[in-house]
Structures are given as structure tokens and as C-alpha cells.
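Reader: I would like to go through the labels used for this model and hear what stands behind each one. Please set the values against the cut-offs where a cut-off decides the matter.

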Amino acid sequence: MSLPRIAVDAMGGDDGVRVMVEGAALARRHHDQFKFLLVGDEARIKRALEKHPNMYAASEILHAEDVVSGEEKPTQALRRAKTTSMGLAINAVKQGDAGAAVSAGNTGALMAMAKLALRTMPGIDRPALAARIPTLGENDVIMLDLGANTECDARNLLQFAVMGAAYSRIITGLDAPRVRLLNIGTEEIKGTDQLQQAAAQLREVSGLSLQFEGFVEADKITRGDVEVVVTDGFSGNIALKAIEGAARFVGDLLKRSFTSSLRSKFGFLISRPATELIRHHLDPNNHNGAVFLGLNGIVVKSHGSANAAGVANAVAVTARLLEENLTERIIADLAELGTGTVNAQAFAGAEVQGEVAK
């Protein structure tokens, strides 16, 4: 059975049409069953397709004259959802014209449009942005929320844990991924009231396909000792950017060290296989594709600076989530949560107001 086609916001990202079409074409080269709805300026998309003949039979173009800029506020972008390439790509998912949407555009605008058009699934108060982060272990770690909600209560964190575990099972193949809450220490007495409440509720849960192992500090996220790290969007966004910055720092430091002298250049030639392995492992393009979990549909955010290989990875992630029925898995887990031994207050109570992090 063929996959539902993927709507691609061809205008998003730093390089726009060229990279988005090239990335989709690269993904299809490895998975020839992929089909696309390319949304954006029709003339520019057709010119880009001329370089990728394998895409013609697999693609349909939906013309959109308008584009969401990187600096645009979500509230402003929402007013133009019916005319922008981003808004039309999401609407294609809502209308059933595509199974999922991929965009490299403005994260805040994408979140706002996706939530308004697709709504959150039953049992979820707030969608969360989840991404894969490389580790020293065998599997990437899934981290959420990374910026969709600046403030979260214990109920939100509990829901994030359920959604993150469902995603991790698809990525890792594990039956019960290890889940931890990001905190300033691993001791049970540390952390805010919300973290303490979320931890207590997760310890009481039964029947879910996850292992709750308490807290994790930021410096242990990439050690490979956990498959899912749960936090609020404010802390998660800071932690993610710190990890990305450290990776760039290591890469730049190695480059500077190996070009500082003739001896260093000779050393680089000897150690090149090892440095290439490091470069590949730290390259964000190889882990590209963050997912908005908790919506009635799949929306994937590609990094704005991603190259064609990065976009191809985001498309591949999108297709895999469609193949593995991520939305249905989360719904099933939420049903288990509703019948489990969670304290009655865990799945009830007021929602804490938050906003999309920029």
C-alpha cells in the first residue's frame, strides 16, 4: 500500500525552493514510493523540478503567492494562513489531500497554524515540539518540548512523556523507552513543584510502554542513558541550543587545531577517518526533522539552514511516522493512561497559559 503524499512547503527555509525540492528528490531516490504536494510559487517550483526528473510523476504543485517570513509574528502569519505556502501545506493535511506536512519556515508561525488548523488530539492540552538528538549510546534521544510552550504544568509534562515515548518506540524499536524529566539535579527533592508533581504521577503510572527513571541533568542528555527527555519549552529550547552550540564549538576547534601548522595538517591526514566520524555524528542535517506531537495530523519542522540532505532526512522522518501510525499510537497510549493508576488530579486541572517560543 502506498503512503499518503507529503505536503512540502517549498518556500520555507534559508534557501527556499531549490533546497526543499532537491531534498524531496533526494528522499525519493532512496524511497521511490514517496509522493509530494509541493506548495509555493508554481513557476519557481517547475524550474527546480527540471533538475530532478524523477520527481515529475510523483509530484503535484499547489500554487501559493504568499510566504511567511522568518521574522513574522505567529499572530500576523495566522491572518494569512489561507494564502501562504505554509498555511496551504497544513490545510492540505486538514482536508485529507496530504498525510503530513513538512516546512523549514518560521517555527512559531508553523506551530500556530498547525494547532489552529489540526487541533490537538483528545486527551492532549498542548502540542509539543520533539526532536532527535545524537548520543553516545545506540539510539538518539527524543527531547520535548523544545519551544512550543514556555510554561508547562505537571499535566502537560505527563502528556509529553506519553507522546515522547510513543515517538521513541518508532525510532528505536524499544518496547519501553527510558523516560526522564530534565532537572537541576537527579535527587528526588530537587526541582520545581511542577516537576515534583509530574515525577510523582509518572511513578504511579501503570500499563504504559515506558520506563520512568526520574530526573536527568542537562550535561547527561547526550550520554545515551535515556531515550526520552521531557521538559517545558523554555528550558528545552535553551538546552537544545546549548547542545547545538557545543557541537559547533567542537567542530570549529578541531578545524582550527588541524590547520594551525604543517604538523597539525599531517596529523589531520592520519586521524581523518575519526574526525569524519565525529563530523558526521555532530552534523545537525543527519538528525533533521522536529515533530509537533499531539496534533490530529503530522507536521514536521525542518531546520531553516538545512541542506538538501537535511531536508531529505526530515522527509524520511515524516514518512516513517506515517508508516508507523504515530497519531494512532499516541491515542492508544492516552487511553491506557486514562485507565491506569494515575492520581485523579494528573489528568485534570487547569491548563497553564503559554506561548510559542521564538
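Reader: Which residue is the bridge partner of Ile142 in strand 9?

Author: Val228 is the partner of Ile142 in this predicted model. A second residue, Leu144, has Val230 as its bridge partner in strand 9.

Reader: What makes strand 6 and strand 9 a pair?

Author: Two strands count as paired if at least two bridges are found between them. Strand 6 (residues 141-144) and strand 9 (residues 228-230) are joined by 3 bridges, so the pair meets that condition. The two strands run parallel.

Reader: How do you know that strand 5 and strand 6 pair, and in which sense?

Author: Strand 5 and strand 6 share 4 bridges, and the requirement is at least two, so they pair. The sense is antiparallel. One of the bridge partners is Met143 of strand 6, which faces Ala131. In general, strands of a sheet pair through backbone hydrogen bonds, in a parallel or an antiparallel arrangement.

Reader: Where do the side chains of strand 6 point?

Author: Val141 and Met143 point one way, Ile142 and Leu144 the other way. All four are buried.

Reader: Why are strand 3 and strand 8 called edge strands?

Author: The open sheet has 11 strands in the order 3-2-1-4-11-10-5-6-9-7-8, with mixed pairing. Strand 3 (59-63) and strand 8 (211-216) each have a single partner strand, so one side of each has no neighbour in the sheet. From one strand to the next the twist averages 25°.

Reader: Why is Arg132 called buried?

Author: Buried means a relative accessible area under 20%. Arg132 has 15%, so the label applies. Arg132 is in strand 5. Leaving aside residues up to four places away in sequence, Arg132 touches several residues, including Asp140, Tyr167, Asn286, His287 and Val317.

Reader: Why is Asn325 called partly exposed?

Author: The relative accessible area of Asn325 is 40%. Partly exposed lies between under 20% for buried and over 50% for exposed, so Asn325 belongs there. Asn325 sits in the loop between helix 10 (308-323) and helix 11 (326-339). Its phi is near 55°, a positive value in a residue other than glycine.

Reader: Where is Arg119, and what is its phi?

Author: Arg119 is in the loop between helix 5 (107-118) and strand 5 (128-133). Phi of Arg119 is about 65°, which is positive although the residue is not a glycine.

Reader: Which residues does the cis peptide bond join?

Author: The bond joins Leu144 and Asp145, with omega at about 5°. Asp145 lies in the loop between strand 6 and helix 6.

Reader: Why are helix 6 and helix 7 called oblique to each other?

Author: Helix 6 (residues 154-172) and helix 7 (residues 193-204) pack at about 45°. Roughly parallel needs an angle under 35 degrees, and roughly perpendicular covers 65 to 115. The angle falls in neither class, nor is it over 145, so the two helices are oblique. Their axes are 8 Å apart, and the crossing is right-handed. On the helix 6 side the contact is made by Ala154, Leu157, Leu158 and Ala161; helix 7 contributes residues including Gln194, Leu195 and Ala198. By class, this contact of helix 6 with helix 7 has 7 nonpolar, 3 polar and no charged residues.

Reader: What does helix 7 lie across?

Author: Helix 7 lies across strand 7 (178-182) and strand 8. Helix 7 runs at about 160° to strand 8.

Reader: Why is helix 4 called roughly parallel to helix 5?

Author: The angle between helix 4 (residues 85-95) and helix 5 is about 30°, with axes 10 Å apart. An angle under 35 degrees counts as roughly parallel, so the name fits. Helix 4 passes helix 5 in a right-handed crossing. Among the residues in contact are Met86, Ile90 and Lys94 of helix 4 and Leu110, Met113 and Leu118 of helix 5. The contact of helix 4 with helix 5 divides into 9 nonpolar, 1 polar and 1 charged residues.

Reader: How many helices and strands are there, and what percentage of the residues counts as buried?

Author: The chain has 11 helices and 11 strands. Of its 358 residues, 51% count as buried.

Terms used
Residues are numbered from 1 along each chain as its sequence is written. This is a predicted model: local features need pLDDT of at least 70, side-chain atom pairs count only at pLDDT 80 or more; totals for chains, interfaces and linings use all residues. Side-chain values use heavy atoms; hydrogens and water are left out. Axes are lines fitted to C-alpha atoms, for helices over the stretch in contact, and angles run from 0 to 180 degrees between N-to-C directions. A crossing is left-handed if the near helix is turned anticlockwise from the far one by less than a right angle, and right-handed if clockwise. Contact means heavy atoms within 4.5 Å. Ala, Val, Leu, Ile, Met, Phe, Trp, Tyr, Cys and Pro count as nonpolar, Asp, Glu, Lys and Arg as charged, and the others, Gly among them, as polar. Buried means under 20% relative accessible area, exposed over 50%, partly exposed in between (1.4 Å probe, protein chains only).
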